2 protein chains.
Amino acid sequence: MARKTNIDPDRGDARTRLLDAARDIVRSQGFAATSVDQLCKAAGVTKGAFFHHFANKEALGVAAAQYWSETTGALFATAPYHDHADPLDRVLAYVDFRRDIIAGDLEAFTCLVGTMTQEVYHAHPAIREACAASIFGHAATLEPDIEAAMKARGIKGDWTAASLAAHTQAVLQGAFILAKAADDPAVAIDGVDHLKRYITLLFQASPMGGQHD
Amino acid sequence: MARKTNIDPDRGDARTRLLDAARDIVRSQGFAATSVDQLCKAAGVTKGAFFHHFANKEALGVAAAQYWSETTGALFATAPYHDHADPLDRVLAYVDFRRDIIAGDLEAFTCLVGTMTQEVYHAHPAIREACAASIFGHAATLEPDIEAAMKARGIKGDWTAASLAAHTQAVLQGAFILAKAADDPAVAIDGVDHLKRYITLLFQASPMGGQHD
DNA sequence: CAAAACATACCAACCAGTCGGTATGTTAAA
DNA sequence: TTTAACATACCGACTGGTTGGTATGTTTTG
């Protein structure tokens with residue numbers, strides 16, 4: 001199992017290398033604009049290997065989303081923002097952590113599953129579902145801390161921990177889009193700063209605060 | 001000028017119909033996955049007409065972004081949210097207006113230029129620039145009201161009117177992505193509600209409020 | 001040796017873009 | 001006012017290259 005390629009050994013097995021290539025190329029070009037040949041070339045693998053591991057291009061998209069979930073999941077699980085005593089501090093430290101990641105090329109810090117969802121949500125429901133699982137699964141890891149922070153401060157706004165957790169991801173995704181449009185990572189950092197300010201204000205407000213309408 | 005097509009008359013000239021088709025199809029399939037033939041078929045136009053009006057597919061993308069700017073610009077310019085005496089009310093009414101638009105199919109209310117940017121920012125800088133002009137141009141229409149609201153309430157946070165205006169667009173774009181992932185417009189509405197809450201809190205806070213770090 | 005993991009060769013469909021031609025004005029000189 | 005010259009708008013067959021996918025052969029591993 002996990003045999004190495006003739007073309008380009010010493011870089012792991014074909015499947016992993018194809019998924020790595022997909023992560024990088026799809027992030028900068030999108031899913032539809034990325035051809036199977038291009039992926040094979042980048043991974044140093046032939047088409048035979050590609051269709052041995054993936055039934056079709058859509059299946060690679062699904063696998064890439066899952067691979068993204070696993071790798072980023074591991075990154076966030078071991079990140080230092082969990083090491084705060086206060087739950088609100090953990091949430092704010094998460095936002096800071098996301099802020100610190102934003103640097104260098106856009107392809108390096110933007111979100112694969114956000115990019116793919118936007119593009120293929122209609123044509124490839126299977127990929128859409130895998131992306132949704134990745135996004136909302138990651139958001140769910142924030143929920144306990146948000147919930148605990150609400151309880152600790154007696155916050156009872158017209159919003160839920162799940163909704164705020166999802167919103168953090170929405171702000172990040174939107175910040176990435178604007179950064180791509182402006183071709184400037186600083187725009188993304190601006191968005192994260194607004195997010196941190198929002199969370200801070202939410203938990204500064206009176207226990208019943210943050211309501212409107 | 002503006003001659004009608006043989007294939008499908010009584011629907012305006014070929015150029016406009018191609019741009020209408022691009023708006024609808026690209027929103028649901030993305031730019032790369034949309035073929036010229038598909039656009040021609042949907043517009044009731046032949047390839048000859050397509051390449052008469054657009055030098056290449058990229059040029060259509062640029063024109064589609066500009067067309068989007070013009071049509072949505074007219075929509076927002078005549079929208080009723082401008083009819084409030086207080087500038088902050090105008091800003092909040094804008095957010096309400098954006099909220100009300102979210103209904104029905106995702107392809108009907110999501111943003112063409114946000115979708116395109118995400119996909120082609122690297123491969124087609126010309127389209128990226130046209131999308132950026134659309135997004136930040138629209139954001140700029142909010143700036144005077146935000147600025148006036150800040151002045152009226154003596155708000156001096158560590159953020160600018162331009163940055164908050166941009167952030168409104170980031171939240172909307174991100175909300176659209178999550179709605180696509182979840183295949184549920186309600187997710188987008190949640191995001192807009194958080195945005196309104198944020199703006200409300202920003203202007204409720206003490207004059208020097210909303211600072212952190 | 002059996003089966004998984006690759007490589008090679010190939011195909012039909014589709015792709016963006018081209019090109020020669022037609023239909024319908026518009027302009028302006030005779 | 002006729003008409004020649006020119007411009008714009010559009011048509012549709014065609015092309016060279018690319019696409020996702022397949023069929024089959026070879027190599028490695030357990």
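**Two chains and a DNA strand**

Between chain B and chain A an area of about 4500 Å² is buried, 64% of it given by carbon and sulfur atoms, where buried area is the accessible area (1.4 Å probe) that two parts lose on being put together, summed over both. On the side of chain B, the residues that lose the most area to chain A are B:Gln118, B:Tyr121 and B:His194, which together make up 16% of what that side buries. The model is a predicted one, in which local features need pLDDT of at least 70 and side-chain atom pairs count only at pLDDT 80 or more, while totals for chains, interfaces and linings use all residues. Residues are numbered from 1 along each chain as its sequence is written, chains are lettered from A and ligands numbered from 1 in the order in which they are written, and side-chain values use heavy atoms, with hydrogens and water left out.

Counted by contact (heavy atoms within 4.5 Å), 52 residues of chain B meet 52 residues of chain A. Of the interface residues of chain B, 100% are also interface residues in chain A, so the copies meet through the same surface. When the copies are superposed by least squares on the C-alpha atoms of residues with pLDDT of at least 70 in both, chain B can be laid on chain A with an RMSD of 0.0 Å by a turn of 180° and a shift of 0.0 Å along the axis. The two copies are therefore related as by a two-fold rotation axis, and in chain B the C-alpha nearest that axis belongs to B:Gly174, 1.9 Å from it.

We turn now to the DNA. Around DNA strand C there are 22 residues, of which A:Arg3, A:Thr5, B:Val36, B:Lys47 and B:Lys57 come nearest; a residue is near a strand if one of its heavy atoms lies within 4 Å of it. Of the atoms of DNA strand C that come within 4 Å of the protein, sugar and phosphate account for 59%.

Among the polar contacts (pairs of N or O atoms within 3.5 Å; within protein, one must be able to donate a hydrogen and the other to accept it, and residues adjacent in sequence count only if both atoms are side-chain atoms), a side-chain N or O atom of A:His52 is 3.2 Å from a phosphate oxygen of DNA strand C, and for the side chain of A:His53 the corresponding distance to a phosphate oxygen of this strand is 2.9 Å. From chain B, a backbone N or O atom of B:Lys57 lies 2.8 Å from a phosphate oxygen of DNA strand C.
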